[in-house]
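Colleague: Could you pick one spot in this model, look at it closely for me, and then walk outward from there to the rest of the chain? I would love a connected account rather than a list.

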Amino acid sequence: MLAILHPNTTLDSDAYRQTMHYLENLPNVSLRVHEVQGASQRLTEIYLLGDTKSLDKEEIEALPAVERAIRISEDYRILGRHKDDQRQSGFTYNGVEFNQQNLNVFAGLCAVDVPEHVEMMMKAVEEHGEVCTRMGAYKPRTNPYSFQGHGKGCLPWVFEKAGKHGIKVIAMEITHESHIEEIDTCLEKLGRPTGVMLQVGTRNTQNFELLKAIGRQSTYPVLLKRGFGITLNESLNAAEYLASEGNSNVIFCLRGMKTEAGNPHRNMVDFAHVPAVKRLTRMPVCVDPSHSVGTRDASPDGILDVEHATAQGVIAGANMVLVDFHPKPEKALVDGPQALLMHELPAYLEDIRLCHETWKKRQAIYQRMKDSAPE
(Lines give C-alpha, C1' and ligand atoms only; values in the text may rest on other atoms or scores of the structure.)
Protein backbone atom coordinates (compact mmCIF):
# COMPACT_ATOMS: atom_id res chain seq x y z
CA MET A 1 0.00 0.00 0.00
CA LEU A 2 1.07 3.57 -0.65
CA ALA A 3 0.14 6.55 1.54
CA ILE A 4 0.45 9.90 -0.21
CA LEU A 5 0.71 12.83 2.18
CA HIS A 6 -0.79 16.26 1.68
CA PRO A 7 1.48 18.44 -0.50
CA ASN A 8 4.31 20.24 1.29
CA THR A 9 3.81 18.30 4.52
CA THR A 10 6.86 19.06 6.65
CA LEU A 11 8.66 16.26 8.46
CA ASP A 12 8.63 18.20 11.75
CA SER A 13 4.87 18.82 11.77
CA ASP A 14 2.53 17.26 14.35
CA ALA A 15 0.45 15.71 11.55
CA TYR A 16 3.51 13.94 10.14
CA ARG A 17 4.68 12.72 13.55
CA GLN A 18 1.23 11.36 14.46
CA THR A 19 0.91 9.66 11.07
CA MET A 20 4.34 8.04 11.30
CA HIS A 21 3.74 6.90 14.87
CA TYR A 22 0.62 5.02 13.73
CA LEU A 23 2.25 3.51 10.64
CA GLU A 24 5.44 2.48 12.41
CA ASN A 25 3.42 0.44 14.89
CA LEU A 26 1.52 -1.58 12.31
CA PRO A 27 2.39 -5.29 12.78
CA ASN A 28 4.47 -6.99 10.07
CA VAL A 29 4.71 -3.82 8.02
CA SER A 30 7.88 -1.89 7.15
CA LEU A 31 7.97 1.66 5.81
CA ARG A 32 9.94 3.34 3.07
CA VAL A 33 9.65 7.12 2.69
CA HIS A 34 10.21 8.85 -0.65
CA GLU A 35 10.15 12.58 -1.22
CA VAL A 36 9.25 13.84 -4.68
CA GLN A 37 10.13 17.41 -5.62
CA GLY A 38 7.81 18.78 -8.27
CA ALA A 39 7.93 22.09 -10.10
CA SER A 40 5.73 23.84 -7.53
CA GLN A 41 5.38 21.52 -4.54
CA ARG A 42 7.05 18.75 -2.59
CA LEU A 43 5.26 15.45 -2.10
CA THR A 44 6.01 12.75 0.42
CA GLU A 45 5.04 9.16 -0.35
CA ILE A 46 5.19 6.41 2.26
CA TYR A 47 5.36 2.83 1.01
CA LEU A 48 3.89 0.23 3.36
CA LEU A 49 5.61 -3.09 2.64
CA GLY A 50 4.83 -6.52 4.01
CA ASP A 51 1.49 -7.83 5.27
CA THR A 52 -0.72 -5.01 3.97
CA LYS A 53 -3.72 -6.94 2.59
CA SER A 54 -5.56 -6.69 5.89
CA LEU A 55 -5.02 -2.93 6.26
CA ASP A 56 -8.12 -0.76 6.01
CA LYS A 57 -7.56 1.82 3.26
CA GLU A 58 -10.04 4.25 4.86
CA GLU A 59 -8.24 4.09 8.20
CA ILE A 60 -4.95 4.99 6.52
CA GLU A 61 -6.61 7.87 4.68
CA ALA A 62 -8.04 9.15 7.97
CA LEU A 63 -4.53 9.80 9.37
CA PRO A 64 -3.87 13.55 9.74
CA ALA A 65 -1.08 13.89 7.15
CA VAL A 66 -2.48 11.47 4.55
CA GLU A 67 -4.20 12.82 1.45
CA ARG A 68 -5.05 9.41 -0.03
CA ALA A 69 -3.94 5.77 -0.05
CA ILE A 70 -3.42 3.43 -3.01
CA ARG A 71 -3.14 -0.32 -3.11
CA ILE A 72 -0.12 -1.17 -5.24
CA SER A 73 0.89 -4.28 -7.13
CA GLU A 74 4.12 -6.18 -6.68
CA ASP A 75 5.69 -4.94 -9.92
CA TYR A 76 7.35 -1.52 -10.01
CA ARG A 77 6.13 -0.58 -6.53
CA ILE A 78 7.66 2.89 -6.63
CA LEU A 79 7.78 3.72 -10.33
CA GLY A 80 4.57 1.91 -11.27
CA ARG A 81 1.40 3.78 -12.19
CA HIS A 82 -0.88 1.35 -10.28
CA LYS A 83 -3.97 2.63 -12.12
CA ASP A 84 -3.69 6.00 -10.41
CA ASP A 85 -3.39 8.96 -12.78
CA GLN A 86 -3.20 11.53 -9.98
CA ARG A 87 0.34 10.58 -8.95
CA GLN A 88 3.04 12.89 -10.15
CA SER A 89 5.03 11.69 -13.13
CA GLY A 90 8.42 13.13 -13.84
CA PHE A 91 10.60 15.71 -12.11
CA THR A 92 12.41 19.02 -12.56
CA TYR A 93 16.20 19.09 -12.65
CA ASN A 94 18.42 22.15 -13.03
CA GLY A 95 15.47 24.16 -14.31
CA VAL A 96 14.47 21.59 -16.96
CA GLU A 97 11.19 19.70 -16.64
CA PHE A 98 10.95 16.01 -17.48
CA ASN A 99 7.51 14.37 -17.48
CA GLN A 100 5.19 12.20 -19.53
CA GLN A 101 3.70 15.16 -21.39
CA ASN A 102 6.62 17.25 -22.61
CA LEU A 103 9.62 16.60 -24.85
CA ASN A 104 13.37 17.27 -24.52
CA VAL A 105 15.97 16.65 -27.22
CA PHE A 106 19.50 15.56 -26.30
CA ALA A 107 21.46 15.98 -29.53
CA GLY A 108 25.21 15.63 -29.16
CA LEU A 109 28.35 13.54 -29.40
CA CYS A 110 28.15 9.83 -28.69
CA ALA A 111 31.76 10.14 -27.50
CA VAL A 112 33.66 13.29 -26.55
CA ASP A 113 36.74 13.58 -28.77
CA VAL A 114 38.30 17.05 -29.09
CA PRO A 115 37.33 20.43 -27.56
CA GLU A 116 36.71 21.92 -31.01
CA HIS A 117 33.93 19.42 -31.80
CA VAL A 118 32.35 19.81 -28.35
CA GLU A 119 32.32 23.59 -28.83
CA MET A 120 30.74 23.32 -32.28
CA MET A 121 28.05 20.94 -31.06
CA MET A 122 27.08 22.97 -28.02
CA LYS A 123 27.05 26.21 -30.00
CA ALA A 124 24.67 24.67 -32.55
CA VAL A 125 22.39 23.34 -29.81
CA GLU A 126 22.30 26.76 -28.15
CA GLU A 127 21.55 28.54 -31.42
CA HIS A 128 18.47 26.38 -31.92
CA GLY A 129 17.06 27.06 -28.47
CA GLU A 130 17.87 23.70 -26.90
CA VAL A 131 19.33 23.37 -23.39
CA CYS A 132 20.24 19.66 -23.32
CA THR A 133 22.90 17.56 -25.02
CA ARG A 134 24.62 14.19 -24.83
CA MET A 135 28.37 13.89 -24.27
CA GLY A 136 30.00 10.51 -23.71
CA ALA A 137 33.09 10.67 -21.48
CA TYR A 138 33.08 7.03 -20.37
CA LYS A 139 32.48 4.51 -23.16
CA PRO A 140 32.01 0.78 -22.55
CA ARG A 141 33.05 -1.09 -25.69
CA THR A 142 32.70 -4.66 -26.85
CA ASN A 143 36.28 -4.69 -28.13
CA PRO A 144 38.81 -4.10 -25.31
CA TYR A 145 41.13 -2.31 -27.77
CA SER A 146 38.51 0.21 -28.92
CA PHE A 147 38.45 3.80 -27.65
CA GLN A 148 37.03 3.78 -24.12
CA GLY A 149 36.43 7.52 -23.76
CA HIS A 150 38.57 10.29 -22.27
CA GLY A 151 37.02 9.78 -18.82
CA LYS A 152 37.46 12.37 -16.09
CA GLY A 153 40.21 14.11 -18.07
CA CYS A 154 37.67 15.74 -20.40
CA LEU A 155 35.10 16.66 -17.77
CA PRO A 156 36.45 20.15 -16.91
CA TRP A 157 36.40 21.52 -20.43
CA VAL A 158 33.15 19.76 -21.35
CA PHE A 159 31.39 21.28 -18.32
CA GLU A 160 32.93 24.72 -18.86
CA LYS A 161 31.79 24.81 -22.48
CA ALA A 162 28.33 23.67 -21.44
CA GLY A 163 28.09 26.59 -19.03
CA LYS A 164 29.32 28.97 -21.71
CA HIS A 165 26.53 27.91 -24.08
CA GLY A 166 23.72 27.68 -21.54
CA ILE A 167 23.46 23.89 -21.57
CA LYS A 168 21.47 22.82 -18.50
CA VAL A 169 21.66 19.02 -18.70
CA ILE A 170 24.25 16.66 -20.21
CA ALA A 171 23.36 12.99 -20.60
CA MET A 172 26.56 11.16 -19.71
CA GLU A 173 26.95 7.40 -19.42
CA ILE A 174 28.84 6.01 -16.44
CA THR A 175 30.18 2.49 -16.08
CA HIS A 176 31.43 2.47 -12.48
CA GLU A 177 30.21 4.07 -9.26
CA SER A 178 33.50 5.99 -8.96
CA HIS A 179 32.42 8.01 -12.00
CA ILE A 180 29.63 9.59 -9.92
CA GLU A 181 32.20 11.09 -7.56
CA GLU A 182 34.43 12.19 -10.46
CA ILE A 183 31.52 14.04 -12.08
CA ASP A 184 30.32 15.55 -8.81
CA THR A 185 33.80 16.68 -7.75
CA CYS A 186 34.46 18.33 -11.10
CA LEU A 187 31.09 20.12 -11.20
CA GLU A 188 31.56 21.38 -7.64
CA LYS A 189 35.06 22.65 -8.35
CA LEU A 190 33.79 24.57 -11.39
CA GLY A 191 30.83 26.09 -9.53
CA ARG A 192 28.30 23.77 -11.20
CA PRO A 193 28.04 25.50 -14.60
CA THR A 194 25.75 22.75 -15.89
CA GLY A 195 23.94 19.59 -14.79
CA VAL A 196 24.41 15.91 -15.58
CA MET A 197 21.94 13.10 -16.14
CA LEU A 198 23.66 9.82 -15.32
CA GLN A 199 23.14 7.33 -18.11
CA VAL A 200 23.09 3.56 -17.59
CA GLY A 201 23.95 1.83 -20.85
CA THR A 202 22.28 -1.29 -22.16
CA ARG A 203 25.22 -3.47 -21.08
CA ASN A 204 24.77 -2.35 -17.47
CA THR A 205 20.99 -2.60 -17.23
CA GLN A 206 21.37 -5.62 -14.95
CA ASN A 207 24.56 -4.53 -13.20
CA PHE A 208 22.65 -4.42 -9.94
CA GLU A 209 25.48 -3.14 -7.74
CA LEU A 210 25.98 -0.19 -10.11
CA LEU A 211 22.22 0.46 -10.11
CA LYS A 212 22.17 0.44 -6.31
CA ALA A 213 25.09 2.88 -6.13
CA ILE A 214 23.44 5.26 -8.59
CA GLY A 215 20.12 4.94 -6.76
CA ARG A 216 21.68 5.86 -3.42
CA GLN A 217 22.50 9.36 -4.67
CA SER A 218 19.74 11.89 -5.33
CA THR A 219 21.78 14.74 -6.83
CA TYR A 220 21.56 13.51 -10.41
CA PRO A 221 18.61 12.04 -12.33
CA VAL A 222 19.12 8.82 -14.26
CA LEU A 223 18.57 7.73 -17.85
CA LEU A 224 18.28 3.93 -17.90
CA LYS A 225 18.55 2.20 -21.26
CA ARG A 226 16.60 -0.97 -21.91
CA GLY A 227 18.75 -4.09 -21.87
CA PHE A 228 19.13 -5.24 -25.46
CA GLY A 229 18.73 -8.96 -24.77
CA ILE A 230 16.16 -9.07 -21.95
CA THR A 231 12.42 -8.57 -21.65
CA LEU A 232 10.74 -5.23 -21.08
CA ASN A 233 9.64 -6.40 -17.63
CA GLU A 234 13.23 -7.21 -16.66
CA SER A 235 14.40 -3.78 -17.79
CA LEU A 236 11.60 -1.99 -15.92
CA ASN A 237 12.57 -3.90 -12.78
CA ALA A 238 16.12 -2.61 -13.29
CA ALA A 239 14.68 0.91 -13.13
CA GLU A 240 12.88 -0.08 -9.93
CA TYR A 241 16.28 -0.96 -8.43
CA LEU A 242 17.23 2.71 -8.76
CA ALA A 243 14.00 3.89 -7.15
CA SER A 244 14.15 1.30 -4.36
CA GLU A 245 17.47 2.82 -3.25
CA GLY A 246 15.95 6.31 -3.10
CA ASN A 247 16.29 7.91 -6.53
CA SER A 248 13.00 7.89 -8.44
CA ASN A 249 14.03 10.62 -10.91
CA VAL A 250 14.40 8.07 -13.68
CA ILE A 251 13.81 8.21 -17.43
CA PHE A 252 13.45 4.94 -19.31
CA CYS A 253 15.15 4.73 -22.72
CA LEU A 254 14.13 2.45 -25.57
CA ARG A 255 17.16 1.79 -27.79
CA GLY A 256 16.30 -1.24 -29.88
CA MET A 257 16.56 -4.98 -29.29
CA LYS A 258 19.61 -6.99 -30.33
CA THR A 259 18.35 -9.55 -32.85
CA GLU A 260 19.07 -10.50 -36.44
CA ALA A 261 15.37 -9.95 -37.09
CA GLY A 262 16.12 -6.22 -37.01
CA ASN A 263 18.26 -6.27 -40.17
CA PRO A 264 19.09 -4.09 -42.02
CA HIS A 265 18.95 -1.89 -38.92
CA ARG A 266 21.52 -2.29 -36.16
CA ASN A 267 18.78 -3.36 -33.74
CA MET A 268 15.08 -4.11 -33.86
CA VAL A 269 13.42 -0.74 -33.26
CA ASP A 270 11.15 -1.10 -30.20
CA PHE A 271 9.46 2.30 -30.13
CA ALA A 272 5.97 0.72 -30.11
CA HIS A 273 6.68 0.20 -26.40
CA VAL A 274 6.62 3.97 -25.71
CA PRO A 275 2.91 4.01 -24.72
CA ALA A 276 3.27 0.66 -22.94
CA VAL A 277 5.99 1.98 -20.61
CA LYS A 278 3.95 5.13 -19.95
CA ARG A 279 0.92 3.01 -19.10
CA LEU A 280 2.83 0.71 -16.74
CA THR A 281 4.98 3.34 -15.02
CA ARG A 282 5.17 7.04 -14.22
CA MET A 283 8.57 7.39 -15.91
CA PRO A 284 9.11 9.74 -18.86
CA VAL A 285 10.16 7.68 -21.89
CA CYS A 286 13.17 8.35 -24.12
CA VAL A 287 13.92 6.95 -27.56
CA ASP A 288 17.42 6.49 -28.98
CA PRO A 289 17.00 6.26 -32.77
CA SER A 290 20.74 6.43 -33.47
CA HIS A 291 21.57 3.16 -31.73
CA SER A 292 18.35 1.53 -32.86
CA VAL A 293 18.92 2.18 -36.57
CA GLY A 294 22.71 2.52 -36.62
CA THR A 295 23.05 3.84 -40.19
CA ARG A 296 22.53 6.93 -42.33
CA ASP A 297 20.53 5.03 -44.94
CA ALA A 298 17.56 6.84 -46.46
CA SER A 299 14.30 5.60 -47.94
CA PRO A 300 13.08 6.68 -51.42
CA ASP A 301 11.20 9.59 -49.85
CA GLY A 302 14.57 11.17 -49.03
CA ILE A 303 14.14 10.84 -45.28
CA LEU A 304 16.79 8.99 -43.28
CA ASP A 305 15.72 5.84 -41.46
CA VAL A 306 16.92 7.39 -38.19
CA GLU A 307 14.62 10.36 -38.83
CA HIS A 308 11.67 8.06 -39.53
CA ALA A 309 12.39 6.09 -36.35
CA THR A 310 12.54 9.32 -34.34
CA ALA A 311 9.16 10.34 -35.72
CA GLN A 312 7.66 6.97 -34.81
CA GLY A 313 8.78 7.37 -31.20
CA VAL A 314 7.74 10.99 -30.79
CA ILE A 315 4.36 10.61 -32.48
CA ALA A 316 3.69 7.75 -30.05
CA GLY A 317 4.35 10.07 -27.11
CA ALA A 318 8.11 9.90 -26.36
CA ASN A 319 9.28 12.53 -23.89
CA MET A 320 12.97 12.60 -24.75
CA VAL A 321 15.13 11.93 -27.80
CA LEU A 322 18.78 10.89 -27.43
CA VAL A 323 20.46 11.29 -30.82
CA ASP A 324 23.98 11.31 -32.24
CA PHE A 325 25.25 14.37 -34.12
CA HIS A 326 28.84 15.17 -35.02
CA PRO A 327 30.51 18.12 -36.79
CA LYS A 328 32.89 15.77 -38.61
CA PRO A 329 31.64 12.17 -38.47
CA GLU A 330 34.63 10.90 -40.41
CA LYS A 331 36.79 11.91 -37.44
CA ALA A 332 34.45 10.61 -34.72
CA LEU A 333 36.03 8.08 -32.37
CA VAL A 334 32.74 6.20 -31.81
CA ASP A 335 29.75 5.56 -34.12
CA GLY A 336 30.68 8.19 -36.68
CA PRO A 337 28.84 6.47 -39.59
CA GLN A 338 25.47 6.77 -37.88
CA ALA A 339 25.80 10.39 -36.69
CA LEU A 340 23.62 13.10 -38.17
CA LEU A 341 25.34 16.18 -39.63
CA MET A 342 25.27 19.68 -38.23
CA HIS A 343 23.39 21.17 -41.19
CA GLU A 344 20.67 18.54 -40.61
CA LEU A 345 19.93 19.75 -37.06
CA PRO A 346 17.36 22.49 -37.91
CA ALA A 347 15.21 20.19 -40.04
CA TYR A 348 15.50 17.38 -37.49
CA LEU A 349 14.29 19.63 -34.65
CA GLU A 350 11.47 20.98 -36.82
CA ASP A 351 10.38 17.42 -37.64
CA ILE A 352 10.41 16.49 -33.94
CA ARG A 353 8.29 19.52 -33.00
CA LEU A 354 5.82 18.65 -35.76
CA CYS A 355 5.53 15.06 -34.49
CA HIS A 356 5.09 16.19 -30.89
CA GLU A 357 2.29 18.56 -31.89
CA THR A 358 0.68 15.73 -33.88
CA TRP A 359 0.79 13.52 -30.78
CA LYS A 360 -1.07 16.24 -28.87
CA LYS A 361 -3.69 16.46 -31.63
CA ARG A 362 -4.07 12.67 -31.57
CA GLN A 363 -4.72 12.87 -27.83
CA ALA A 364 -7.40 15.48 -28.44
CA ILE A 365 -9.15 13.32 -31.06
CA TYR A 366 -9.52 10.36 -28.72
CA GLN A 367 -10.43 12.54 -25.76
CA ARG A 368 -13.32 14.01 -27.79
CA MET A 369 -14.41 10.51 -28.72
CA LYS A 370 -14.31 9.46 -25.06
CA ASP A 371 -16.22 12.57 -23.93
CA SER A 372 -18.97 12.01 -26.51
CA ALA A 373 -19.31 8.25 -25.95
CA PRO A 374 -22.76 7.13 -24.74
CA GLU A 375 -22.90 6.19 -21.07
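Modeller: Happy to. Let's start with K164, which forms a salt bridge with E119, their closest N and O atoms lying 2.8 Å apart. Please keep in mind throughout that this is a predicted model. K164 sits in helix α4 (residues 155-164) and E119 in helix α3 (residues 115-127), so the pair ties together parts that are 45 residues apart in sequence. The two partners have contrasting surroundings: K164, at 56% relative accessibility, counts as exposed, whereas E119, at 18%, counts as buried. The limit for "buried" is under 20%, so the value of 18% puts E119 on the buried side. The pair also has company, as K161 joins E119 and K164 in a network of salt bridges. As general background, side chains of opposite charge can pair when their charged atoms come close.

How many salt bridges are there in total? The count comes to 15, and two others are worth a visit. R17 and D14 meet through their side chains at 2.6 Å, N to O. Here both partners belong to helix α1 (residues 14-24), where they are three residues apart, about one turn of the helix. R17 counts as partly exposed, with a relative accessibility of 44%. The other example is R192 with E188, whose closest N and O atoms are 2.9 Å apart; R192 counts as partly exposed too, at 35%.

Let's go back to the middle of the chain and look at the nonpolar side. The largest nonpolar core has 90 residues, and the members that touch the most others are M135, F159, M172 and I183. Helix α7 (residues 232-244) provides the largest share of this core, six residues. Domain 1 (2-72) and domain 2 (91-367) both give residues to the core, so it lies between them. M135 makes a good viewpoint: beyond its neighbours within four places in sequence, its contacts are L109, V112, V118, M121, M122, V158, I170, A171 and M172. There is also a second, separate core, with 16 residues that include V29, L48, L55 and A65. In general terms, nonpolar side chains tend to be buried together in soluble globular proteins.

One contact of M135, L109, leads to a polar residue, since L109 is in contact with H326 as well. H326 belongs to the loop between β14 (320-324) and α11 (345-372). Buried or exposed? H326 counts as buried, at 3% relative accessibility. What does the side chain of H326 reach? Its side chain comes to 2.9 Å from the backbone nitrogen of K328, and it also makes a polar contact with the side chain of D113, at 2.6 Å. Setting aside neighbours within four places in sequence, the contacts of H326 are L109, D113, H117, A332, A339, L340, L341 and M342.

Now for the wider layout. The protein chain is divided into domain 1 (2-72) and domain 2 (91-367), and their centres, taken over C-alpha atoms, are separated by 34 Å. Six residues of domain 1 are in contact with six residues of domain 2. Between them the domains bury about 450 Å², with 39% of that area on carbon and sulfur atoms. What about the polar side of this interface? Domain 1 and domain 2 share zero salt bridges, while two residue pairs are in polar contact across the boundary, both at pLDDT 80 or more. On the side of domain 1 that touches domain 2, β2 (29-37) and β3 (42-50) each supply at least two residues. The largest share of that side, three residues, comes from β2.

Strand β3 makes a nice last stop, as G50 lies in it. G50 counts as exposed, at 57% relative accessibility. The C-alpha atoms of G50 and L31 are separated by 8.9 Å, with the two residues 19 apart along the chain.

Key: Residues are numbered from 1 along each chain as its sequence is written. This is a predicted model: local features need pLDDT of at least 70, side-chain atom pairs count only at pLDDT 80 or more; totals for chains, interfaces and linings use all residues. Side-chain values use heavy atoms; hydrogens and water are left out. A nonpolar core is a set of buried Ala, Val, Leu, Ile, Met, Phe, Trp, Tyr and Cys residues joined through side-chain atoms within 4.5 Å. Buried means under 20% relative accessible area, exposed over 50%, partly exposed in between (1.4 Å probe, protein chains only). Helices (H or I, at least four residues) and strands (E, at least two) are DSSP runs, numbered from the N terminus. Domain bounds come from an automatic or database domain assignment. Contact means heavy atoms within 4.5 Å. A polar contact is a pair of N or O atoms within 3.5 Å; within protein, one must be able to donate a hydrogen and the other to accept it, and residues adjacent in sequence count only if both atoms are side-chain atoms. Buried area is the accessible area (1.4 Å probe) that two parts lose on being put together, summed over both. A salt bridge is a side-chain nitrogen of Lys or Arg within 4 Å of a carboxyl oxygen of Asp or Glu.
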